[in-house]
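Open your viewer and keep a selection box at hand. Here is a guided tour, stop by stop.

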Amino acid sequence: MTRLGSGGWCSPWEAGNKNLKRRRANHLVGVVKAQTTAVAAPGLKQATFQGKKVLRKGVVVITGASSGLGLAAAKALAEGGKWHVIMACRDFLKAEKAAQSVGLAKENYTIMHLDLASLDSVRQFVGSFWQSGRPLDALVCNAATYRPTARTPTFTADGYEMSVGVNHLAHFLLANLLLEDLKKSDYPSRRLIILGSITGIHT
């Protein structure tokens with residue numbers, strides 16, 4: 001018989017079986033810990049895991065930030081204290097009212113005009129952003145148009161069907177023009193996010 005640490009007794013076979021189970025459990029915990037470290041958020045530098053402090057707020061551009069998911073994202077990021085939100089919206093007044101309605105502090109957001117139904121507007125937005133001198137640490141392509149009951153198609157200023165032009169082509173151009181800015185970012189959580197809700201099913 002083999003004496004257990006708790007003061008009980010068991011057969012050698014039972015003791016060996018318990019030790020085997022214990023070794024397997026410890027191995028599994030080690031694997032999980034290793035995987036957790038390995039799949040940490042993409043873009044995070046190793047130094048951030050060692051307690052490195054970021055000395056500035058990140059700058060995030062969110063399209064369609066005046067309502068829905070875009071506004072909710074703007075509110076969450078601004079209130080977190082680590083981001084300054086660029087609300088890229090077509091209707092400046094609507095965006096300002098939306099920001100006030102959710103209690104965004106003035107110092108945490110900036111509204112900039114962007115009409116995704118015009119590729120020229122996309123280029124003008126990017127030019128204005130560059131002139132602001134701000135870095136770009138994250139881009140959230142959220143805005144979309146969704147008109148499932150429309151009887152006749154509508155078109156962008158460039159002649160594309162509205163949902164194709166706004167939801168896809170304009171965001172493609174925006175992301176490509178700003179990609180180099182994202183690459184230059186030294187912020188720990190830099191990223192490009194393409195957001196799709198129900199519109200992704202129909203466009």
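The stops below run from the overall fold to the pocket, the salt bridges and a few long-range contacts.

**Stop 1: the whole chain**

Show the cartoon. The model is a predicted one. Count 7 helices and 7 strands. Trace them along the sequence and the order reads β-β-α-α-β-α-β-α-β-α-β-α-β-α. Then colour by accessibility: 33% of the 203 residues count as buried.

**Stop 2: the largest pocket**

Select G64, R90, A143, A144 and T145. Of the 26 lining residues, these are the closest to the centre of the largest pocket. How much space lies in that pocket? About 580 Å³.

Now add the surrounding elements. Select α3 (68-80), β4 (83-89) and α6 (162-184); each supplies at least two residues of the pocket lining. Colour the lining by residue class. You should find 11 nonpolar, 10 polar and 5 charged residues.

**Stop 3: a nonpolar patch**

Switch to a surface view. Select L69, I193 and L195. Together they make a nonpolar surface patch of about 230 Å². L69 belongs to helix α3, one of the elements that supply residues to the pocket lining.

**Stop 4: salt bridges**

Side chains of opposite charge can pair when their charged atoms come close. How many salt bridges does the structure hold? There are 6. Visit three of them.

*D137 and R56.* Display both side chains. They meet in a salt bridge, 2.8 Å from N to O. D137 sits in the loop between α5 (119-132) and β6 (138-141), and R56 in the loop between α2 (46-49) and β3 (58-63), so the pair ties together parts 81 residues apart in sequence. Is D137 buried or exposed? D137 is buried, because its relative accessibility of 0% falls under the 20% cut-off. R56, at 31% relative accessibility, counts as partly exposed.

*E96 and K106.* Move to this pair next. Their closest N and O atoms are 2.9 Å apart, in a salt bridge. E96 is in helix α4 (residues 92-101) and K106 in the loop between α4 and β5 (109-113), so the bridge ties together parts 10 residues apart in sequence. The two partners fall in separate accessibility classes. E96 is buried at 14% relative accessible area. K106 is exposed at 56%.

*E180 and K183.* Select these two in helix α6. The salt bridge between E180 and K183 has its closest N and O atoms 3.5 Å apart. Both residues lie in α6, 3 residues apart, about one turn of the helix. E180 has 45% relative accessibility and counts as partly exposed.

Then add D186 to R56 and D137. Salt bridges that share partners join R56, D137 and D186 into one network.

**Stop 5: contacts across the sequence**

Turn on C-alpha distances. Four pairs are worth selecting.

- **R191 and L139.** R191 lies in strand β7 (residues 191-194). The C-alpha atoms of R191 and L139 are separated by 6.6 Å, with their positions 52 residues apart along the chain. R191 is partly exposed at 30% relative accessibility.
- **E180 and L136.** Go back to E180 in helix α6. Its C-alpha atom is 9.3 Å from that of L136, and the two are 44 residues apart along the chain.
- **D158 and L119.** Find D158 in the loop between β6 and α6. D158 is partly exposed, with a relative accessible area of 35%. Its C-alpha atom is 7.1 Å from that of L119, 39 residues apart along the chain.
- **S189 and G58.** How many residues apart in sequence are S189 and G58? They are 131 residues apart, yet 8.2 Å apart in space, C-alpha to C-alpha. S189 is in the loop between α6 and β7. S189 is partly exposed, with a relative accessible area of 21%.

**Last view**

Keep three selections on screen. Show G64, R90, A143, A144 and T145 for the pocket centre. Show L69, I193 and L195 for the nonpolar patch. Show R56, D137 and D186 for the salt-bridge network.

Methods:
Residues are numbered from 1 along each chain as its sequence is written. This is a predicted model: local features need pLDDT of at least 70, side-chain atom pairs count only at pLDDT 80 or more; totals for chains, interfaces and linings use all residues. Side-chain values use heavy atoms; hydrogens and water are left out. On a 1 Å grid over the protein atoms alone, a cavity is a set of points where a 1.4 Å probe fits but cannot get out, and a pocket is an open set with protein on both sides within 12 Å along at least five of seven lines; lining residues have an atom within 4 Å of a point. Grid points are joined across faces, edges and corners, and a volume is the space filled by probe spheres set on the points. Helices (H or I, at least four residues) and strands (E, at least two) are DSSP runs, numbered from the N terminus. Ala, Val, Leu, Ile, Met, Phe, Trp, Tyr, Cys and Pro count as nonpolar, Asp, Glu, Lys and Arg as charged, and the others, Gly among them, as polar. Patches are made of residues with over 30% relative accessible area and no salt bridge: like charges are joined within 9 Å, nonpolar side chains (Val, Leu, Ile, Met, Phe, Trp, Tyr) within 5 Å. Accessible areas come from the Shrake-Rupley method with a 1.4 Å probe; for residues, only the protein chains shown count as cover. A salt bridge is a side-chain nitrogen of Lys or Arg within 4 Å of a carboxyl oxygen of Asp or Glu. Buried means under 20% relative accessible area, exposed over 50%, partly exposed in between (1.4 Å probe, protein chains only).
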